Amino acid sequence: MAITKGIDVLVAQAMAEVKTYSVAEVKARLGAADLQIVDIRDVRELEREGTVPGCFNAPRGMLEFWVDPASPYYKPVFGDESKEFVLFCGAGWRSALATKALQDMGMTNVAHIDGGFTAWAQQGAPVETYEQHKARRHSKA
């Protein structure tokens with residue numbers, strides 16, 4: 001079976017249809033009540049590289065299930081319509097595709113970070129370790 005639409009095309013199409021923020025734009029909004037940053041990377045990436053302070057981790061493989069209120073895996077954090085959900089991955093490719101998928105599900109309050117976590121860290125934006133992330137997450141439980 002030949003691939004008729006490669007990943008480059010899929011990502012380019014998604015990028016053309018989703019809202020994209022720069023690292024500086026998101027960094028300026030850190031801690032804002034109307035913002036929920038979502039790390040869609042695998043937990044092994046978080047363990048290795050850390051993450052954005054205050055983010056919620058929703059692995060890419062479960063994202064649509066966690067967003068859909070009809071799913072048995074639904075996470076209420078995604079039901080807050082007063083927030084904008086800004087996704088990121090390692091380089092911005094998975095998050096572009098994921099943002100497009102959530103838009104296709106009907107979400108209008110979703111965007112992603114250009115360049116992903118790689119750009120975030122390279123530009124000196126704040127990072128928390130995976131241990132700090134887990135401690136913060138469990139302190140809210």
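In this predicted model, glutamate 128 lies in the loop that connects α6 (116-122) with α7 (130-139). Its relative accessibility is 8%, and because buried means under 20%, glutamate 128 counts as buried.

The side chain of glutamate 128 takes part in the polar contacts listed below.

| Side chains in polar contact | Distance |
|---|---|
| Glutamate 128 and histidine 133 | 3.3 Å |
| Glutamate 128 and arginine 136 | 2.8 Å |

When residues up to four places away in sequence are not counted, glutamate 128 touches His133 and Arg136, together with Gly50, Thr51, Val52, Pro53 and Gly54. One of these residues, Val52, also appears among the residues with the most contacts inside the largest nonpolar core.

That core has 15 residues. Besides Val52, those with the most contacts inside it are Val26, Ile37, Val86, Phe88, Ile113 and Trp120. Two or more residues each are given to this core by α2 (23-29), β2 (35-39), β4 (84-88), β5 (110-113) and α6. Of these elements, α6 provides the largest share, namely three residues. In soluble globular proteins, nonpolar side chains tend to be buried together.

Valine 86 illustrates the surroundings of one core residue. With neighbours within four places in sequence left aside, valine 86 is in contact with Tyr21, Val26, Leu35, Gln36, Ile37, Val38, Ala111, His112 and Ile113. Among these partners, Val26, Ile37 and Ile113 are also listed with the most contacts inside the largest core.

A second core, separate from the one described above, has 14 residues, including Leu63, Trp66, Leu102 and Met107.

Notes. Residues are numbered from 1 along each chain as its sequence is written. This is a predicted model: local features need pLDDT of at least 70, side-chain atom pairs count only at pLDDT 80 or more; totals for chains, interfaces and linings use all residues. Side-chain values use heavy atoms; hydrogens and water are left out. Helices (H or I, at least four residues) and strands (E, at least two) are DSSP runs, numbered from the N terminus. Buried means under 20% relative accessible area, exposed over 50%, partly exposed in between (1.4 Å probe, protein chains only). A polar contact is a pair of N or O atoms within 3.5 Å; within protein, one must be able to donate a hydrogen and the other to accept it, and residues adjacent in sequence count only if both atoms are side-chain atoms. Contact means heavy atoms within 4.5 Å. A nonpolar core is a set of buried Ala, Val, Leu, Ile, Met, Phe, Trp, Tyr and Cys residues joined through side-chain atoms within 4.5 Å.
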